[in-house]
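Me: Please take a close look at the enclosed space inside this model, covering what lines it and how it relates to the parts around it. A connected account would be preferred to a list.

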Amino acid sequence: MDESVGEYRRSPRGGGRATGRPAPVLPPSLRVWLGLIASLAALVVVVLGAVHAGDSEPGTTDARIWAAVDGVGPPWRHVALATDFLGEPVGAVLLAGAVVTGCLVLRQPKAAVFVVTGAGLTVGATTLLKPVVGRTIHGDNLSYPSGHTAFLTAVALMVSLLAAGRLRLGRAAGVAFVFAAGLVGGAVMGWAQVVLGSHYATDTLGGWCAALAVLPVTAWLVDRTADRLAGRGTVRGSGRPSEWRADRADDRRADAGRQECR
C-alpha cells in the first residue's frame, strides 16, 4: 500500500483516521476561557473609549501615574526607548519577522500566518479606533488606544499561545501562561509609553485590552480557514483523500470481478 494512504488511515490515538492537519494555533482547551477574556477586554476598550472620547487632557488616574514616573533618567529611559522601538515600524517588522522565521524553522507555516495576521489585525484595530475615539495628547496626536502597547501584547500572546500548544498545557495552566505573557508584554510597553510621554496610562490599558480582544478571535479564524482549506482536499462526507477513495473504488470493482468469475 502507498505510504500516503497509510498515513490517512492511521490515527494519532490509534483509532480513526489521521487528518494530516497541523495543530491548531488556538488550543481547544483554552478556547472558552480566552473567548471570555476577549469579550471582557472588548468591553473595556469600548467603555474607556466612551469615557475619554474627545479628551485632550489626562484624567485623574493618568495624571497621578504620569507624576509617579515623570523624570525617569538613565538607564531606565534608555530601556524605555529600546522598548518603544519594538513598536515602531522598523522594530515591529524586525520583531514580527523574527517570530515568523522561528515558526518556519519549526515547520509551522500556519503559526507563521497567525503571527502575521494577528499583528496586522491588532495594529489595524487600534489605528481605526483612534479617530473614532478622538482622544489626543500633545496637541492633535491621537492617543487612544496605544498601538505600541497593543502590538507588543499581541506578539507576547501569540508566542505564548503557540508555546502552550506545543507544550500541551492544560486548561488552567495554559490560560494562566498566556494571560501572564500578555500582561508582561503590555505592562512593559505601557510603562515605556507613559515614561516617554507618548500615551496616557489609560491609552496603554486600552491597547492591552485591544490585543486581548483581537488575538483569540484571530486564532480561531486562522484555524477555521485552515480546516476549510484542508477539507477541499478530501471528499465530502467521507473525510478521505480523493485519491484513497479512488483506490478503494478500484478494489471494490476488482472484488466484484472475482466474485463473477466464481
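Reply: The lining of the largest cavity is made up, by class, of nine nonpolar residues, with no polar and no charged residues. The model is a predicted one, and every value given here is computed from it. The residues that line the largest cavity are Leu34, Ile37, Leu157, Leu161, Val178, Phe179, Leu212, Leu215 and Pro216. Two or more of the lining residues come from each of helix 2, helix 7, helix 8 and helix 9. Helix 9 gives the most to this lining, with three residues. The volume of the largest cavity is about 60 Å³, and the count of cavities of 30 Å³ or more comes to one.

The nonpolar core may be considered next. The largest nonpolar core has 38 residues, and those with the most contacts inside it are Phe114, Met158 and Leu161. Two or more residues of this core are supplied by each of helix 2, helix 5, helix 6, helix 7, helix 8 and helix 9. Helix 9 gives the most to this core, with nine residues. Leu161 thus has a place in both descriptions: it is one of the residues with the most contacts inside the core, and it is also among those lining the largest cavity. Helix 9, likewise, is the element that gives the most to the core and the most to the cavity lining. As a general background, nonpolar side chains in soluble globular proteins tend to be buried together.

Helix 7 also carries Val159. Val159 counts as partly exposed because its relative accessibility is 40%, which falls between the limits of 20% for buried and 50% for exposed. The C-alpha atom of Val159 is separated by 7.8 Å from that of Val99, although the two residues are 60 apart along the chain.

The second largest pocket offers a further lining to set beside that of the cavity. About 200 Å³ of space lies in this pocket. Its lining consists of Gly87, Pro89, Ala92, Val123, Thr126, Thr127, Lys130, Gly147, His148, Phe151 and His199. Helix 5 (89-105), helix 6 (109-133) and helix 7 (147-167) are the elements that give two or more residues to the lining of this pocket. The largest share, four residues, comes from helix 6. By class, the pocket lining has four nonpolar, six polar and one charged residues, whereas the cavity lining has no polar and no charged residues.

Beyond helix 6, in the loop between it and strand 1 (136-137), lies Arg135. Arg135 counts as buried because its relative accessibility is 0%, under the 20% limit. The side chain of Arg135 makes a polar contact of 2.7 Å with the side chain of Thr202. A polar contact of 3.5 Å also joins the side chain of Arg135 to that of His52.

Two cysteines complete the account. Cys103 is buried, with a relative accessible area of 8%, and Cys209 counts as buried at 4% relative accessibility. A search of the whole structure finds zero disulfides.

Definitions and conventions: Residues numbered from 1 in each chain as written. Predicted model: local features only at pLDDT ≥ 70, side-chain atom pairs only at ≥ 80, totals over all residues. Heavy atoms only, no water. 1 Å grid on protein atoms, 1.4 Å probe; cavity = no way out; pocket = protein on both sides within 12 Å on 5 of 7 lines; lining within 4 Å. Points joined across faces, edges and corners; volume = space filled by probe spheres on them. Nonpolar A, V, L, I, M, F, W, Y, C, P; charged D, E, K, R; others polar. Disulfide = S-S within 2.5 Å. Buried < 20%, exposed > 50% of the residue type's maximum accessible area, 1.4 Å probe, protein only. Polar contact = N/O pair within 3.5 Å; in protein donor to acceptor, adjacent residues only side chain to side chain. Core = buried A, V, L, I, M, F, W, Y, C linked by side-chain atoms within 4.5 Å.
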